[in-house]
Amino acid sequence: MKKEYIKPYIKRQSAGVMNKFGVTYNKGHREDIEGIPIGRFTDEFGSPVFVLSEKVIRERYRKIYSYFSSKYPKAKMSWSYKTNYLGAVCSILHQEGETAEVVSDFEYEKARSLGVPGNRIIYNGPYKPLDSLVTAFTDGAMVNLDNFDEIIKAEEAAKKVGKKVSVGIRVNMDTGVYPQWSRFGFPIENNGAFNAVKRISHSEHLHLEGIHCHIGTFMMDPNAYKEAVKKVVQLMRKIEHEFEITISYLDFGGGFPSNNKLKGTYLPPEVAVQPVENFIDAVADTLLDELAPDEYPDVYLETGRAIVDEAGWLISTVDAVKRLPDGTKSYIIDAGVNLLYTSAWYNYKVEIDRELHGAYENSILYGPLCMNIDVVAESAFLPPLPKGTRIILSPMGAYNVTQWMQFIRYRPAVAMIMEDGKLEQIRRAEKLEDITGPEFVPDKLRKFNL
Amino acid sequence: MMDRDKLSVLAISDSGFIFDPVTGHSYTANATGLKILELLKAGKEEDEIKSAIMDEFEASDDEVTVDIQDFVENLKKYFLV
Amino acid sequence: MKITVAVSGINTIDNPGPGAGICRALKESGMEIRAIGLAYDALEPGIYLDHIIDKSYIMPYPSGSKEAFIERIRDIHEKENLDVIISALDAELPIYMDIEPVLVEMGIKMLIPTKEMFRLRDKLKLKELSEKIGVKAPEYISCTSLSDLHKATEKLGFPCMVKGPFYEAFKATSPGEAEGYFIKIAAAWGYPIIAQKFIQGDEYDVIGCGDGKGNDMGVFAIRKMTITKLGKVWNAVSIRNERLIEATKKVVSGLKWRGGFEFEVLMENKTQDIYVLEINPRFPAWVYFPAGCGINLPARMVKLLTGQEFETHSDYKSGKLMIRYTNELVKDISDFEQISTYGESGEVKK
Ligand SMILES: Cc1ncc(COP(=O)(O)O)c(C=O)c1O
């Protein structure tokens, strides 16, 4: 019997990197996702393929909602479409009871087409075309205005609708977190928000109903939410006092982090990222401290990534193995930055589909594009991978399947593991017609001889 | 022809630890790596090394060919050959 | 009774960790101690200091996975039967705070700060910290742009300090100089950058240890005499200053501090008022100095954790001098082979 073959290696020891144990314990391999072997996904849908889990989405949502609603009686949640607007994903969350939070006419229409009533839509964002405002007001959607010009635009839309409509305002503030997202909404600190309210209170067409903020995304410090809640409640008091307006809802946006490893953070996300309960505590406890029970407004959260990020994976395949001139090991895989916009911010978890022996090396994962920037992972610690190895990247559920682009290659299929263990395709891989369909080639350009 | 003089002075330990007394560099290698290194040191050509490896281990011709090349590339990177 | 204590931070290099000092203090405490070094690199000097560290193991980086970290400790625990771990590096403290319950289950004890205490050591939380302990903080404004900086310096006046989020601090005497430092720090460390009011005074350090219930286990104050380029104390003299000691005790009682710490303060020349600059949530590299003067905090910590009686007094003499020096050891390449290939020094334990 011959011995098992392990790929040869030799490595020079250099100061600062003489720590085999730093990493050999890091052997990550996974043969399945929720019991379904990795190979089955690629057999059925090709490679690469995004995989989402119905079970994880529901579990994450329920965990957040039940904790939030157990602390604050009028807790509401609205699904942030931009985070993942696949029909199947939105529908799961609508089944769970989330309304829709949209930031464009496209997202608005998508929510409507999935069957969300207009008055169950929150319409946010710094740019809302006039027509879409008219539709939103007609449908009775919750519209949060971003700037003075938009107040004027909203008046114009309300005039067209022919009734006085309810609006909210988006505000920003210093919560001790840098950088401050000051470009969205009206600043609380220099009275910008107060002046906006004053302007709305004089309007014949608008009626102020709520205050919205979204202090940033992937927030690391729950205390920022304490600050936000305090400042928004103070603003609410001041408004109610000065203008005899009753604020019926507060909306604190999203921004809770997921277990993803932000570039530039040192500690693993299990340690660096605080549990989501701490963020909800920050919101709910501060609300309970600041408010008397008879003044509880509806309070919305628009949590996106914290619900869906960990419910997603991308399976991709090693197509070629390359050693760069400087000695660095690299692999070409079939998924690149065209699909993985978020690779600019995160060092994903990289797992392989089998146990492999051999020396672990810091390796680069390149995508399939002919672009120098197509780097999926700058430094993944991997044993030597043979061609055909499947690479599983995670977490993938947030912002990839929306921010991906059709560039150079078709976009791949998205599969969902259903709660009962069945596997469903929730978006098929693209075909030529999907891309050429909207195009027109003028007649005189149709002919050529080569 | 590969220059193998530098290989001859290496102190190779069974643990996979390799010390170069001339440059002061140290290296680590696994069993397969050590085997190739010993064979190179003994003046064997790549073909002979390949068959020696395939005699001892369960592996395909293609894989071993690429791996030996890769290993030698690494040695070149370290100026050992 | 033999007690096995694992200690990290045994990198006694030009930016030294406290591990070797902790081990030395424990060895001289009169207890029967087996000292285990936890290193992150095969060339950390502590690995080779056989006279104070009995055996060393290489640890996985805290930046890797938490499971890997726990697994390695479990592995070492099986071989060594650890009683106590003393963590002495900022970068690994969060992971220990996280896994402490797991360690307790294994029978390993630690005395480390809580997450809330750790959070307060953030430079941006200085105001909050100073309110909690009732000690002044120098006025500071965090800046993320040059226009923030201009506004800040207008308010604070010159000279003022320009500080990075983690390291580096410069005294600027003009807007131009402040801008120069701002750009330099931003390039190296990113934002936010802190503009801080300059206070004419001297810097002092106090080491202490709290039991987590508000009781002080002893304190020891020094004036830094020389510091290295990296801002680390090199020579120091012990002092007795009641105001300083009172302020330090407030850290322990006010925050119910748990574990070792270093309290860095500034004493204003004019008023003798004390301003907090920073709390390091672990023993500092000069931890042996107080031990040599009768305030053996690592030994007190181990005694507390193993249920023994310990002293809590802070009776030491002022005017004791700490002289740090460099030294060379002669070892064999095989010692290096051992730790770098097997991840542990000396005979490999089965
Ligand atoms: C207004 C608004 N709400 C909610 C979200 C969702 O944020 P997250 O995924 O960080 O929870 C975003 C994201 O940018 C947003 O802009």
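**Ligand shell and the contact between chains C and B**

User: Which side chain has an N or O atom 2.7 Å from an oxygen atom of the ligand?

Analyst: In this predicted model, local features need pLDDT of at least 70 and side-chain atom pairs count only at pLDDT 80 or more, while totals for chains, interfaces and linings use all residues. Side-chain values use heavy atoms, without hydrogens and water. A polar contact is a pair of N or O atoms within 3.5 Å; within protein, one must be able to donate a hydrogen and the other to accept it, and residues adjacent in sequence count only if both atoms are side-chain atoms. The side chain at 2.7 Å from a ligand oxygen is that of A:Tyr399.

User: How much of the ligand's exposed area does the protein bury?

Analyst: Accessible areas follow the Shrake-Rupley method with a 1.4 Å probe; for residues, only the protein chains shown count as cover. Taken alone, the ligand exposes 400 Å², and the share buried by the protein is 92%.

User: Which residue offers a polar backbone atom to a ligand oxygen at 2.8 Å?

Analyst: A ligand oxygen also lies 3.4 Å from a side-chain N or O atom of A:His214. The backbone atom at 2.8 Å belongs to A:Gly255.

User: How many salt bridges are there between chain C and chain B?

Analyst: A salt bridge is a side-chain nitrogen of Lys or Arg within 4 Å of a carboxyl oxygen of Asp or Glu. Two residue pairs are in polar contact between chain C and chain B, both at pLDDT 80 or more. The count of salt bridges between these chains is zero.

Definitions and conventions: Residues are numbered from 1 along each chain as its sequence is written. Chains are lettered from A and ligands numbered from 1 in the order in which they are written.
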